[in-house]
Amino acid sequence: MTSHLPFRHGLGRRALLACAVAIAVAGCSIPAKLNRPPVRDDVPLAGLDTGHRAGWPDAAWWKQYNDPQLDQLIELATKDSPDIAQAKSRVDSAQQNIRAATAQAGLSVNGSAQVERQRLSETGLIPPKFLGFTWYNQGDIGVQAQYDFDWWGKKRNTIEAAVDQAHAAEAQHSAAALAIQSNVADTYFGWLADQSRIALAKQGVQTAEQLEQIAQLRVKQGVDRPDTVQSAKAQTASARQMLVSIESSARIRQAVLASLCGVAPSQLPPLQPRPLPEVTTGLPDNAGVDLIARRPDIAASLWQVESALRQTDVARAEFFPDVSISAMAGLSSIDLDKMFSAGSRVFGLTPAIHLPIFTGGLLEANYGVSKAQLGAAVAQYNSTILSAARDVSTQSLTADQIQNRRKEQAREIAANQQLLANAQSRAQRGVSDRRETLSAQAQLLQQQDNDVSLQAQALSTDISLIKALGGGYRASLPEQASSDRPSSPLNLSGDAPNERH
């Protein structure tokens, strides 16, 4: 079936000429295309004097502690975490935005069918008496197709900006999961440390009570003054207060664990006290360079910069004319009995050019907003880089400091153990009474409590350092330079010297 379309060769040439003239006229006010902003490709960690860590953290980094209880808690916490669910919803929303942007960039085809019954006015332009009827039926069936030519990349860059946002949302989802995992591990090891300290504190209470009994006996026998008993009672009360404080801390940590896991404290898996694991300190090789792709917050910020840059291209494309073509084919008749006859066929082909001539500064304002948003994204990225450097430096140096303190603490414990052994030896020979042995034992218990606290700090710092190193995250980052975006300084306050199409 053939038909005569309203699009002639002459009309096509005139349309192209009009498009060329429109672009030439509008080109006077079209801003130049922004270059890719320069961003750091490393985290400033040069000169940081720390130990060496063998490799980067694994994705399941908590398994290095070989604790089945911790594995169970993290699995429970990440399964139904509201924070992770919220981050996942942002990923899903970003993916749907990609689908929406892609759908708008393609060919659109719509079908329609309608039947209208209408009465003609007897005093209208054409009175019914001349037509021979007052009522008539109008039937229309058709298919309309439209395609917008994306010569200036507006739709392409809209899609790419949506893809970049999806990458950023995925990185933020990983950051949320890492935050939950590290909080669970830190709280759990704090609870284990409390259990060890509770056992030591109970021994301390028993030692203080024995010293108090000896003091009472000596005062009763008139050997010491009554103040000796009061001093011993104060020491006992202090030991009991310490025990109560640590037991309260353990209960609080258990409640926090339940909250992190999204269950009631009674629904937590049964937890048994166990020794705290040992940790190693140091940073992986090339930490300053590789950290860009290892930290999810840095990756998310970099994708936000990429998306903002694409949005400036979208805003710039608004200055160019929109060129589209639409076509229509169908059937139309005021006699429904003849609807499907050959004479009822209708066709149409409409090329169109829409050129913004006067918008009251709206296009310039939108373009200015997109440049400001790009500047904000770059500033956020730089802030994230500096925050990451500060985080890694602080945690690694703190880990080294705690390790050195633990070495000195071990020497102090060894010295107190020797003092206790000497006191016990003298008591067995009858050279001294039990007070010297009990005092040495109390001092040793205090040093052992300090050692447990230091080991708990070492674990907490190790977890914080693992989080600072990205916790096993590995990103696929956007290229820092490409043929269409050469690496050059970004001019956010004005137009670039050369326009790129």
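In the predicted model, Glu 209 is partly exposed, with a relative accessible area of 28%. Its salt-bridge partner is Arg 240, and the closest N and O atoms of the two side chains lie 2.8 Å apart. This pair links distant parts of the chain, since Glu 209 belongs to helix α5 and Arg 240 to helix α6, with their positions 31 residues apart in the numbering. Arg 240 is likewise classed as partly exposed, at 42% relative accessibility. Both values fall between the 20% limit for buried residues and the 50% limit for exposed ones, so Glu 209 at 28% and Arg 240 at 42% receive the intermediate label.

A total of 19 salt bridges is counted in the model. One of them joins the side chains of Arg 274 and Asp 67, with an N to O distance of 3.5 Å. Here too the partners come from distant parts of the chain, 207 residues apart: Arg 274 lies in the loop between α6 and α7 (287–294), and Asp 67 in the loop between α1 (9–26) and α2 (68–79). The two ends of this bridge differ in their exposure class. Arg 274 has a relative accessible area of 32% and is partly exposed, whereas Asp 67, at 2%, counts as buried. The cut-off for the buried class is under 20% relative accessible area, which is why Asp 67 with its 2% falls within it and Arg 274 with its 32% does not.

A further salt bridge is formed by Arg 435 and Asp 433, whose closest N and O atoms are 3.0 Å apart. Arg 435 is partly exposed at 31% relative accessibility, and Asp 433 is placed in that class at 33%. Salt bridges also link four residues, Arg 36, Glu 160, Glu 306 and Arg 310, in a network.

The chain contains 10 helices and 4 strands. Read from the N terminus, the order of these elements is α-α-α-β-α-β-α-α-α-α-β-β-α-α. Of the 501 residues in the chain, 40% are buried.

The 4 strands form an open sheet with antiparallel pairing, in the order β1-β2-β3-β4. Its edges are β1 (108–119) and β4 (345–354), each of which pairs on one side only. From one strand to the next, the twist averages 20 degrees. Strand β2 (residues 135–149) pairs with β1 in the antiparallel sense over 12 bridges. Within this pairing, Asn 110 has Gln 144 of β2 as its bridge partner. Strand β3 (residues 322–333) pairs with β2, also in the antiparallel sense, over 11 bridges. In that case the bridge partner of Asp 148 is Ser 324 of β3. In general, pairing of strands in a sheet takes place through backbone hydrogen bonds, in either a parallel or an antiparallel arrangement.

The largest pocket has a volume of about 410 Å³. Its lining consists of 16 residues, and those closest to the centre of the pocket are Gly 204, Gln 235, Ala 239, Ala 442 and Gln 446. Three helices, α5 (154–220), α6 (227–261) and α10 (434–468), each supply at least two residues of the lining. The greatest contribution comes from α5, with 6 residues. By residue type, the lining of the largest pocket divides into 9 nonpolar, 6 polar and 1 charged. Helices α5 and α6 thus appear both in this lining and in the salt bridge described at the outset, through Glu 209 and Arg 240 respectively.

Ser 89 is located in helix α3 (residues 82–105). With a relative accessibility of 40%, Ser 89 counts as partly exposed. The C-alpha atom of Ser 89 is separated by 9.1 Å from that of His 173, a residue 84 positions away along the chain.

Note on methods. Residues numbered from 1 in each chain as written. Predicted model: local features only at pLDDT ≥ 70, side-chain atom pairs only at ≥ 80, totals over all residues. Heavy atoms only, no water. 1 Å grid on protein atoms, 1.4 Å probe; cavity = no way out; pocket = protein on both sides within 12 Å on 5 of 7 lines; lining within 4 Å. Points joined across faces, edges and corners; volume = space filled by probe spheres on them. Nonpolar A, V, L, I, M, F, W, Y, C, P; charged D, E, K, R; others polar. Buried < 20%, exposed > 50% of the residue type's maximum accessible area, 1.4 Å probe, protein only. Pairing = 2+ DSSP bridges. Axes fitted to C-alpha atoms, helices over the stretch in contact; angles between N-to-C directions.
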